[in-house]
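Open your viewer, switch to cartoon, and keep the selection box handy. We will walk through this model one stop at a time.

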Amino acid sequence: MTYCVALKLNAGLVFLSDSRTNAGLDQVGIFRKMIVYEKSGDRFMVLLSAGNLSISQSVREILQVEQLKDHDTGEPITIWNAKSMFDAVRVLGSAVRRVYERDGASLKKSGMDFNVSLIFGGQIKGEGMRLFEVYAAGNFIEATPETPYFQIGESKYGKPVLDRVITPDTPLNEAAKCALVSMDSTLKSNLTVGLPLDLVVYEADRFQTDKVVCIDENNPYFRMMHNSWGQKLRQVFDSIEDPMWNGGHTEVPLRVPSSRAKALKKITTPEEKLI
């Protein structure tokens, strides 16, 4: 399992991935889930992958040379000459389908699904930033202001903080911090996600970035954030009043009649019915 998250903001893009791959408790490996494609001044793109490692590695390899021809004439489209991120993600979808055509039947015979999920985002000169989630069939959806982030892999533990914090107006540094908190929550709750992490932060209209870092267990910022987040969560939890059951004074009583339903009925004899 893995966890990858990407955020599309007005100020730029944030990408974060773990690097743990496991095939059982005693077979744990480290494989990078992120790759950056950069042609300074012209295009900047990032690919994140989750799922079957052999499939995602094959997709990444084929994507380097995949060509998409819309017509019999004209130059084939690649990720390096695409005029838009939409065309670039179409090339990625074609690469996914090519791997499926090659390996899908063999995987099925072995009892394995064609399991791969991808996030692909960036900016090509002449248009704004775009972010896509790509499925195993090679089809895709695009991030919107209402849904400004995508997650793949083990996403449920890190989602609540993203939902509470991230909006399109969130500053880049704050968004990077939120992504790291999201990852820390996942690391805490799931052993199949692990360090080191890869973090990339891209500022809009730059078409390159030097904000690329690999984060391991010795990284001082990540250790500080991990400790602070746990301590602050405990402080916030302790600051919330406990529920009062026995008539104690409180301005926020728990046991009040519901406007929508009655309290749960107790069954006290074998003859009583639920309804």
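Start by selecting Phe207: this residue is buried, with a relative accessible area of 10%. You will find Phe207 in the loop between E11 and E12. Check its backbone as well, since phi is positive here, about 60 degrees, although Phe207 is not a glycine. Before going further, bear in mind that this is a predicted model.

Stay in that loop and pick Asp205, which also lies between E11 and E12. Its phi is near 70 degrees, again a positive value in a residue other than glycine. Is Asp205 buried or exposed? Asp205 is exposed, at 54% relative accessible area. As background for both stops, most residues other than glycine have a negative phi.

Next, show the sheet that these strands belong to. Five strands make up an open sheet in the order E10-E1-E2-E11-E12, and the pairing is antiparallel. Select residues 149-153 for E10 and 212-215 for E12: these two strands stand at the edges. Each has a single partner strand, so one side of each is left without a neighbour in the sheet. Turn the view to follow the twist, which averages 10 degrees from one strand to the next.

Now zoom in on E1, residues 3-8, and E2, residues 12-17. These strands run antiparallel and are joined by five bridges. For one pair to click on, choose Leu7, which stands opposite Val14 in E2.

Add helix H4 by selecting residues 172-189. Which strands does H4 lie across? The helix lies across E1, E2, E10, E11 (197-203) and E12, and runs at about 20 degrees to E2.

Follow the chain out of H4 to Pro196, in the loop between H4 and E11. The peptide bond to inspect is the one from Leu195 to Pro196: it is cis, with omega near 0 degrees. For context, most peptide bonds are trans.

Finish with the cysteines. How many disulfides does the structure hold? The count is zero. Select Cys4 and Cys214 to see why: the sulfur of Cys4 is 14 Å from the one in Cys214, its closest cysteine sulfur, which is too far for a bond. Cys178 is in no disulfide either, as its nearest cysteine sulfur, that of Cys4, is 16 Å away. Colour by accessibility for a last look: Cys4 is buried at 0% relative accessibility, and Cys178 counts as buried at 5%.

Definitions and conventions: Residues are numbered from 1 along each chain as its sequence is written. This is a predicted model: local features need pLDDT of at least 70, side-chain atom pairs count only at pLDDT 80 or more; totals for chains, interfaces and linings use all residues. Side-chain values use heavy atoms; hydrogens and water are left out. A disulfide is a pair of cysteine sulfur atoms within 2.5 Å. Buried means under 20% relative accessible area, exposed over 50%, partly exposed in between (1.4 Å probe, protein chains only). Two strands pair if DSSP finds at least two bridges between them. Helices (H or I, at least four residues) and strands (E, at least two) are DSSP runs, numbered from the N terminus. Axes are lines fitted to C-alpha atoms, for helices over the stretch in contact, and angles run from 0 to 180 degrees between N-to-C directions. Contact means heavy atoms within 4.5 Å.
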